[in-house]
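Student: Hey, I've just opened this one and don't know where to begin. Could you walk me through it?

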Amino acid sequence: MSANFDVSITDILAAPEGEHFEFKEAKNRYDFEEAVKYCCALANCGGGKLVLGISDKRPRKVVGSKAFEQPERTCKGMMDKLRVHVDFQLFNHENDRVLVFEIASRPVGLPVQADGVAWWRIGDSLVPMPEDVRRAIYAESGHDFSGEICKDLTIDDLDRNAIEIFRNKWAEYSSNKRIATLSVEQLLRDADIVNDKGVTYAALILLGRREPLLEYLPTAEVVFEYRPTEASGPANQREDFRIGFFNYYDRIWELTNLRNDKQHYQKQFAMLPVPTFNEIAVREALLNAVSHRDYQIKGSIFVRQYSRKLVIESPGGFLPGITPENILNRHAARNGRIAAVFQLCGLVERSGQGMNLIYEMSVKEAKPLPSFTGSDALFVKLTLDGQVIHPRMLALLKEIGNDRLSVMTTDDYLLLSALFREEDLRAVDPARFKHLAELEIVKFSEHGVEPSNGGVILVIGGQSATIADRLPIENADRTQRVVDYMANHDNVTTAQLADYLGLSQRTVRNILKELLENGLVDRMGNYRHAKYILKNAKSK
C-alpha cells in the first residue's frame, strides 16, 4: 500500500505541528488506539499526517521508530475504525525508520468517529468534537432535513424495539458498556437525534412507530418487490415498510436472500458457489438509499429483486456536484444526521464510501459494475447485476486471498476488472498499477501489464492489447451457464441444455465432453439417451 505522497524528510522536519501534522517519537512502540484517535482528529480537520520516529519538539530530529512493523495491517485496522482512507509511507533516514500515516479528510457534511467519538484537537489536547463544530459540519452539504425538529413529535412516538436494536448495535460496535445503561432519552441525545428543541426527523425515520410516520412523514416508506421478470403486472411478492429503519433493515436482506441462488465457478477440479446477491452490497445499497433520498418530495424507495439483478430506486436525484462518473471520488450526505447514526453503529463500511464498497464487491465476485442507467433529476436508480460474467477472474481473485484483497484500493479493483473486461487502457499511466504489482497481483512485462499467474496480458502505452492463454469469454460463459443449470437440476439431457442455452445439441455435447474430461460431470446411459449430473451435486 506504500504510496507516493510527494513529501521528503526535509519537508516533514520543517512542517508545523498543528491541524495537519502530528509528531510522535514512538521509538519502540505506539498504542494503536491512541494512533486511531489522532488520525480521527486529523481527518476531522481536513486530513493530515501522523509521523512516527521524529521528535515533536523543535528543533525536530529523526529518532527512528519500531512501531507498527506491518503498516499495511495497521492501515487496514485504522480504516476499519475510522471508515476513511489511510495510507502510509516509510523512510530510511541514516538507518533510522520513519513511518508516516496519511489520513484522508472526512467527507463533506459528516464528522469522522472512532468508537463513537468524533475526536478534535484543541492545542495539544484531544477532545470530543464541540457541538458547534459538529453542527457546522452537518450544515456543509446544504440543508439537512433529517436534522430538523419534527413539530409535536415526542419520544413516546418512537418504537422501543427499534430503539433497543439501535442501542445494541451501537454498544457492540463501539465496545462502550456505558451505552447499555443509558436512559432512552439520554441515548437519543448522545446520538444527536433528540435535543432541547425536540425530536428530529432522523429519529422518526430510523426509530418511528407506524402511526407517527404516517402522520408526520408518509413519504418515509420502503417497498420490496420480487419479480421473476421485468414484465408489467403485479409483483410475485411485495412488502411495504412504514416503520422505523431499524425494524426493517434485516428484513429487506431476509427477503432478498429467500431467492438468492448460487452460481458456480471452477477451481481446479472443484465447483465452488457464489451467491447471486451479495449481502454486503445489498445492505450498503439500502443504507445509501435511506440516507440520501429526499424526504420532502413524494415517492417511496423501491427495492425490486429479479432473478439475477436488484434495482433500488430512491427519490431525489443526485446531490449537486455528484454524478455517476465521479460518485466514487466525491462524497456528501443529503441527510447528515441519519448518516451519522449509521456511523455510530458501524453500519457504513467507510465514511461516505459505501458506493466504493459496492463497486469493490462487484469486482470481487466477477460481476458487472453497478449501473445508474435510468437515473434522472427526480430519482436515482441503482442496478446491481448478480450474474457472474468472468469465471476465470473470480478464480484468480480467490487465489489472491483476503490478506491482499483487504489492502487493495477501489482504483486497484477497477483496474483489475478493466484488464479482464478487455478495456482499452493504452492511455492509462502504468504507475497506477504500481500497488497491484507490489501485491504481486499483476506484473510488468515486455508485453505490458498482466496478472502474475498468467492469463490476460494488456499492453499499456502500446498499440494493441494481447490476450494470452484464455478461453474466449463467450465460450467461458456458455460453460458457466451449463454448470449453473446443472447445479440446480438433476439428470440433465443435452436437449434440455440446448433448449435452455439456445444452442445446438452438438455444441452442448462439446461443452459436456470438456466437463467430463475434467472430471466435473458424470454421464449415465448411452450416447443418445445419456443424462448428466455434476459430481458435487451427486455427492450431496
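Tutor: Sure, we'll go through the sheet, its helices, the core and the cavities, and keep in mind that this is a predicted model.

Student: Okay, the sheet then. What order do the strands of the open sheet come in?

Tutor: The order is β10-β9-β13-β14-β15, so to speak reading across its 5 strands, and the pairing is mixed.

Student: Which are the edge strands?

Tutor: Those are β10, residues 237-241, and β15, residues 379-385, each of which pairs on one side only. From one strand to the next, the twist averages 10°.

Student: How do β13 and β14 pair?

Tutor: They pair in the antiparallel sense over 4 bridges, with β13 covering residues 301-305 and β14 covering residues 309-315. If you want a spot to look at, find Q305: its bridge partner in β14 is L310.

Student: What does helix α9 touch on the sheet?

Tutor: Helix α9 (residues 249-257) packs against it, touching β9, β10, β13 and β14. The direction of α9 makes about 175° with that of β10.

Student: And where does α10 lie?

Tutor: Helix α10, residues 279-292, lies across β13, β14 and β15, and runs at about 10° to β14.

Student: Switching topic: how many residues are in the largest nonpolar core?

Tutor: There are 73. The residues with the most contacts inside that core are F166, L188, L207, F245, F246 and F342. In general, nonpolar side chains tend to be buried together in soluble globular proteins.

Student: Let me zoom in on F245. What is F245 in contact with, leaving aside neighbours within four places in sequence?

Tutor: Its contacts are I205, L206, L207, L286, L287, V290, F342 and L347. Two of the names there, L207 and F342, are also among the core residues with the most contacts.

Student: Now helix α13. Why is α13 described as largely enclosed by the rest of the structure?

Tutor: Because 7 of its 10 residues are buried. The helix spans residues 391-400, and the buried ones are P391, M393, L394, A395, L396, L397 and I400. After α13 comes G401, whose phi is positive, near 90°.

Student: Last thing, holes. How many cavities of 30 Å³ or more are there?

Tutor: The structure holds 5. The second largest cavity has about 110 Å³ of space.

Student: What lines that second largest cavity?

Tutor: It has 13 lining residues, and the closest to its centre are N278, A281, K367, L384 and D385. The elements giving two or more residues to the lining are α10, α12 and β15, with the largest share, 3 residues, coming from α12.

Technical notes: Residues numbered from 1 in each chain as written. Predicted model: local features only at pLDDT ≥ 70, side-chain atom pairs only at ≥ 80, totals over all residues. Heavy atoms only, no water. Core = buried A, V, L, I, M, F, W, Y, C linked by side-chain atoms within 4.5 Å. Buried < 20%, exposed > 50% of the residue type's maximum accessible area, 1.4 Å probe, protein only. Contact = heavy atoms within 4.5 Å. Pairing = 2+ DSSP bridges. Axes fitted to C-alpha atoms, helices over the stretch in contact; angles between N-to-C directions. 1 Å grid on protein atoms, 1.4 Å probe; cavity = no way out; pocket = protein on both sides within 12 Å on 5 of 7 lines; lining within 4 Å. Points joined across faces, edges and corners; volume = space filled by probe spheres on them.
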